[in-house]
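Me: I would like a close look at one part of this protein. Please take the aromatic pairs and build outwards from there.

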Amino acid sequence: MNDQAPGILSIQSWVSYGHVGNAAAMFPLQRLGFDVAAIHTVQFSNHTGYGAWRGNVFPPENVADLVEGIAERGALGSMHAVLSGYMGTAETVDAVLGAVDRVRAVRPDALYCCDPVMGDVGRGVFVRPEIPDALRERAIRAADIVTPNQFELNLLTGADVHTLTDALSAADTLRAQLRAGGPRIVIVTSLVRADAAPDTIETLAVTDAGAWLCTTPLLPLDPPRNGTGDAIAALFLGHYLRTHDAGLSLSLATSALYALLDRTHTAGTREIQLISAQDEYLQPRQVFPATQVR
C-alpha cells in the first residue's frame, strides 16, 4: 500500500518574517494533506507592504536548477499540480513554465494553477513593468487555473469590472486563453461590485460547467492584509484537487479565508493569523455557500 501524500510544486516568493507567497501557501496545503515542494523566486526579510525590506531576487536559473534536483530524486511524478505566484523577473516566468513542462512530461494530468501576482486596488502595479505582458502572453496560456484579484483581472483582460455581468464577461475572456484540454477555471478574488449587497466582498469561480459566487462580510482591515491572495489560491487548488468540484472548492476556500481574516481582525495584527486558523482549512466551522450564477 502506498501512503505517500500527493505532491504540489509551489514556486513563489518567500519571506523570513510573516506570511506571503510560499509562507502563506505551504502550510494550508500541508494541512489539507499535500506534500509541498517549495521553490522560492525571492527571499525577503518581510513583505513589501511594510515599505522597507531586505533580501534578494533569485536568478531564474535557480528555479531550473532546483527542479533538476527534485527530478534527480524521482519526485516529479508525485506532483499533482504546480502552483506559481510572485515572479521576480519576466525570465522567471519562463523558468516556471519550464518547471510545468518537466512535471507534465512525467505526469500529464498535473494541473498548473497560476496566481498572476501583479498588483491590487490602492497599490496599483507593484511588479516590474515587463511582468504583466509575460504573464498574459505566456503563463496564462499554459495554465489550467488562474486566480487573479479584481485589479489583476482588469489588467489581464483590459476590462473595467463594476458588475457581476462585467466580471463574468472578463473571466470568460481570460478563460478562453487557458490551456485547451484543462478544466479552464478562473477564480476572481476580492471582487467588489456596484450591484452587490453593501459591506460584502466576493469570490467568483467561472468554469466550463458554470459559474459560482461566494459572498462574505467585508471585514474592516486597514491596511488590507498581505498574503490573502496567496492563501486563497492555495486553498482553492488544494480543495479542487481533493474534490474536483469548483463550486464546493470555492465555498470551502472562501470560508477558510474568511475565518483566517476574522481571526486576524480580532487579533489586530499586521500579519495574517495563518497558524491559529489552521483548523479552518480542511473544514471551516462557518461555511459560506457558493451560489450558482450561471
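By how much of a helical turn are Phe-236 and Tyr-240 separated in helix α7?

Reply: About one turn. Phe-236 and Tyr-240 are four residues apart in helix α7, which spans residues 228–243, so about one helical turn separates them. Keep in mind that this is a predicted model.

Start with the count. The model has four aromatic pairs. One of them joins Phe-27 and Tyr-281, with ring centres 6.4 Å apart. Ring centres must lie within 6.5 Å to pair. The planes of Phe-27 and Tyr-281 stand at 85 degrees, so this pair is edge-to-face; the cut-off for that class is over 60 degrees.

Now place the two partners. Phe-27 sits in helix α1, residues 22–31. Tyr-281 sits in the loop between α8 (246–267) and β12 (290–292). The pair therefore ties together parts that are 254 residues apart in sequence. Their burial can be stated too. Phe-27 is partly exposed, because its relative accessibility is 21% and buried means under 20%. Tyr-281 is buried, at 0%.

Back to your pair in α7. The ring centres of Phe-236 and Tyr-240 are 5.9 Å apart. Their planes meet at 15 degrees, so the pair is stacked; stacking needs planes under 30 degrees apart. Both Phe-236 and Tyr-240 are buried.

Another ring has a charged partner. Arg-270 lies over the face of Tyr-50, 5.4 Å from the ring centre.

Next, the largest pocket. Its volume is about 1,300 Å³. The lining has 49 residues. Nearest the centre are Asp-120, Pro-224, Arg-225, Thr-228 and Gly-229. Helix α7 covers residues 228–243, so Thr-228 and Gly-229 fall within the helix that carries the stacked pair. By class, the pocket lining holds 21 nonpolar, 20 polar and eight charged residues.

A strand position adds one more contact across the chain. Val-146 belongs to strand β8, residues 145–146. Val-146 is buried, with 0% relative accessibility. Its C-alpha atom is 8.2 Å from that of Arg-184, although the two residues are 38 apart along the chain.

Last, the record. An unreviewed UniProt entry lists residues 78–268 as "domain: Pyridoxamine kinase/Phosphomethylpyrimidine kinase". Over that range the chain is 46% helix and 20% strand. The C-alpha atoms at its two ends are 39 Å apart.

How values were computed: Residues are numbered from 1 along each chain as its sequence is written. This is a predicted model: local features need pLDDT of at least 70, side-chain atom pairs count only at pLDDT 80 or more; totals for chains, interfaces and linings use all residues. Side-chain values use heavy atoms; hydrogens and water are left out. UniProt positions are given in the numbering used here, feature names are shortened, and annotations may be inferred rather than shown by experiment. On a 1 Å grid over the protein atoms alone, a cavity is a set of points where a 1.4 Å probe fits but cannot get out, and a pocket is an open set with protein on both sides within 12 Å along at least five of seven lines; lining residues have an atom within 4 Å of a point. Grid points are joined across faces, edges and corners, and a volume is the space filled by probe spheres set on the points. Ala, Val, Leu, Ile, Met, Phe, Trp, Tyr, Cys and Pro count as nonpolar, Asp, Glu, Lys and Arg as charged, and the others, Gly among them, as polar. Rings of Phe, Tyr and Trp (its six-membered ring) pair if their centres lie within 6.5 Å; planes under 30 degrees apart count as stacked, over 60 as edge-to-face and the rest as tilted. Buried means under 20% relative accessible area, exposed over 50%, partly exposed in between (1.4 Å probe, protein chains only). A charge sits over a ring if NZ of Lys or CZ of Arg is within 6 Å of the ring centre and within 35 degrees of the ring normal.
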